[in-house]
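Please walk me through the surface of this protein. Keep it brisk and residue by residue.

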Amino acid sequence: MPEGRSLDRLSDLSQAVSDIYAARAGIDRDAVRHPARPSGEPGALQAAFLKLNGQGRATGDADDRRRALTDETADLVAQLPLFARRQDIDPPDAIARIWGRALPKAAYAPPSLPPGVTEGATP
């Protein structure tokens with residue numbers, strides 16, 4: 001992945017913007033705030049997707065609807081690293097553990113699988 005686009009760097013960006021937003025809006029980001037934010041984003045993403053595909057009340061032209069879908073995708077993706085940080089979850093490790101174990105060893109060799117995890121199990 002090109003420099004500046006790793007999950008850690010994107011997570012840092014999300015955190016910085018979240019900090020600014022919280023300060024401006026006077027939001028106390030307690031233990032409930034982080035899981036609540038990503039849970040609302042799929043609905044907005046779905047609405048943008050439906051509008052783009054002629055299944056919702058469309059506004060703007062096709063480029064506007066495509067941009068809205070892209071923006072909603074970014075909102076959802078940006079919220080997940082904030083949630084993961086709050087819960088002390090390392091997404092790349094979790095993805096490698098869950099998804100990597102389903103691939104043949106020759107196709108993907110995660111840095112290490114946790115004890116008791118075997119390759120070939122389905123996620």
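Asp-88 is in the loop that links α3 (62–86) to α4 (91–98). The model is predicted. Is Asp-88 buried or exposed? Its relative accessible area is 74%. The cut-off for exposed is over 50%, so Asp-88 counts as exposed.

The backbone of Asp-88 deserves a look too. Its phi is near 55°. That is a positive value, and the residue is not glycine. Most residues other than glycine have a negative phi.

Asp-88 also has charged company. Together with Asp-8, Asp-90 and Asp-93, Asp-88 gathers in a patch of negative charge on the surface. Residues in such a patch need over 30% relative accessible area, so Asp-88, at 74%, meets that condition.

Now turn to helix α1, which covers residues 7–25. Val-17 lies in this helix. Its relative accessibility is 48%. Exposed begins over 50% and buried ends under 20%, so Val-17 is partly exposed.

Which residues form a nonpolar patch with Val-17? They are Leu-10 and Leu-13. The patch sits on the surface, and the three residues together have about 260 Å² of accessible area. Val-17 passes the accessibility condition for a patch, because 48% is over 30%.

Val-17 can also be placed relative to a residue far along the chain. In sequence, 61 residues separate Val-17 from Ala-78. In space, their C-alpha atoms are 9.7 Å apart.

Two surface patches thus frame this tour. One is negative and includes Asp-88. The other is nonpolar and includes Val-17.

Technical notes:
Residues are numbered from 1 along each chain as its sequence is written. This is a predicted model: local features need pLDDT of at least 70, side-chain atom pairs count only at pLDDT 80 or more; totals for chains, interfaces and linings use all residues. Side-chain values use heavy atoms; hydrogens and water are left out. Patches are made of residues with over 30% relative accessible area and no salt bridge: like charges are joined within 9 Å, nonpolar side chains (Val, Leu, Ile, Met, Phe, Trp, Tyr) within 5 Å. Accessible areas come from the Shrake-Rupley method with a 1.4 Å probe; for residues, only the protein chains shown count as cover. A salt bridge is a side-chain nitrogen of Lys or Arg within 4 Å of a carboxyl oxygen of Asp or Glu. Lys and Arg count as positive and Asp and Glu as negative; His and the chain ends are not counted. The place of a charge is taken as NZ of Lys, CZ of Arg, CG of Asp or CD of Glu. Helices (H or I, at least four residues) and strands (E, at least two) are DSSP runs, numbered from the N terminus. Buried means under 20% relative accessible area, exposed over 50%, partly exposed in between (1.4 Å probe, protein chains only).
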